[in-house]
Amino acid sequence: ELKAMGCDACIASGGGRMHITMDRYEAEWEMVKRGYETHILGKAPNTFTDAVEGVKTLRSQQDPKPDDQYVPAFVIVDGEGAPVG
């Protein structure tokens, strides 16, 4: 429906706020760096071709299952393995 209106968008990367990017507690550069590499450079230890698949897979690999803020970093890639964003 959105494509019919001229919108060409997709999820290109993700991860929980306590794992990447949003470190407002300890000023931890490594967390900010993970977020930069994931969201800007398209580099992460986990890659998927679908965002829903990525979140479900990463949550299922941890016990107990983490809530959304602790999901590890991931990047969405195309059929050749290149980041879509």
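Thr38 lies in helix α1. With a relative accessible area of 3%, Thr38 is buried, because buried means under 20%. The model is predicted. Its pattern along the sequence is β-α-β-α-β. Thr38 is a good place to start, and the rest of the protein follows below.

**Around Thr38**

- Neighbours within four places in sequence are set aside in this list of contacts.
- Thr38 is in contact with Ser13, Gly14 and Ile20.
- Thr38 is also in contact with Lys43 and Ala44.
- Ala73, Phe74 and Val75 complete the contacts of Thr38.

**Helix α1**

- Which residues are buried in helix α1, residues 29-39? They are Met31, Gly35 and Thr38.
- These buried residues cover an arc of only 70 degrees around the axis, so they sit on the same side of α1.
- The cover over the buried residues of α1 includes strand β1 (13-14) and strand β3.
- Met31 has its place in helix α1.
- Met31 counts as buried because its relative accessibility is 6%, and buried means under 20%.
- Met31 and Arg17 are 14 residues apart in sequence. Their C-alpha atoms are 9.3 Å apart in space.

**Gly14 in strand β1**

- Gly14 is found in strand β1.
- Is Gly14 buried or exposed? Gly14 is buried, with a relative accessible area of 10%.
- Residues up to four places away in sequence are not counted among the contacts of Gly14 given here.
- Gly14 touches Ile20, Thr38 and His39. Gly14 also touches Pro72, Ala73 and Phe74.
- Gly14 and Pro83 are 69 residues apart along the chain. Their C-alpha atoms are separated by 12 Å.

**Helix α2**

- Helix α2 covers residues 51-60. Its buried residues are Ala51, Gly54 and Leu58.
- Why are they on the same side of α2? They cover an arc of only 55 degrees around the axis, which puts them there.
- Strands β2 (47-48) and β3 (74-76) are among the elements that cover the buried residues of α2.
- Asp50 makes a link at the start of α2. A side-chain oxygen of Asp50 reaches to within 3.1 Å of the backbone nitrogen of Val52.

**Two loops and Arg17**

- Where is Gln69 found? Gln69 is in the loop between α2 and β3.
- The side chains of Gln69 and Arg17 make a polar contact (3.0 Å).
- Gln69 touches Gly16, Arg17, Met18 and His19, leaving out residues up to four places away in sequence.
- Tyr25 is found in another loop, between β1 and α1.
- Tyr25 touches Arg17 and Met18, again not counting residues up to four places away in sequence.
- Tyr25 and Glu37 are twelve residues apart along the chain. The C-alpha atoms of Tyr25 and Glu37 are separated by 20 Å.

**The whole protein**

- How many helices and strands does the protein have? There are two helices and three strands.
- The C-alpha atoms fill a box of roughly 45 × 25 × 25 Å, taken along the principal axes.
- The protein has 85 residues, and 26% of them count as buried.
- Take the contacts in the protein with a separation of 6 or more. Residues 24 or more positions apart account for 56% of those contacts.
- The protein exposes about 6,000 Å². Carbon and sulfur atoms supply 54% of that area.
- The protein has 9 positive and 14 negative charges. The mean positions of the positive and negative charges are 3 Å apart.

Methods. Residues numbered from 1 in each chain as written. Predicted model: local features only at pLDDT ≥ 70, side-chain atom pairs only at ≥ 80, totals over all residues. Heavy atoms only, no water. Helix = DSSP H or I, 4+ residues; strand = E, 2+ residues; numbered from the N terminus. Buried < 20%, exposed > 50% of the residue type's maximum accessible area, 1.4 Å probe, protein only. Contact = heavy atoms within 4.5 Å. Areas by Shrake-Rupley, 256 points an atom, 1.4 Å probe, with all protein chains shown as cover. Lys, Arg positive; Asp, Glu negative; His and termini not counted. Charge placed at Lys NZ, Arg CZ, Asp CG, Glu CD. Arc of directions from axis to C-beta. Polar contact = N/O pair within 3.5 Å; in protein donor to acceptor, adjacent residues only side chain to side chain.
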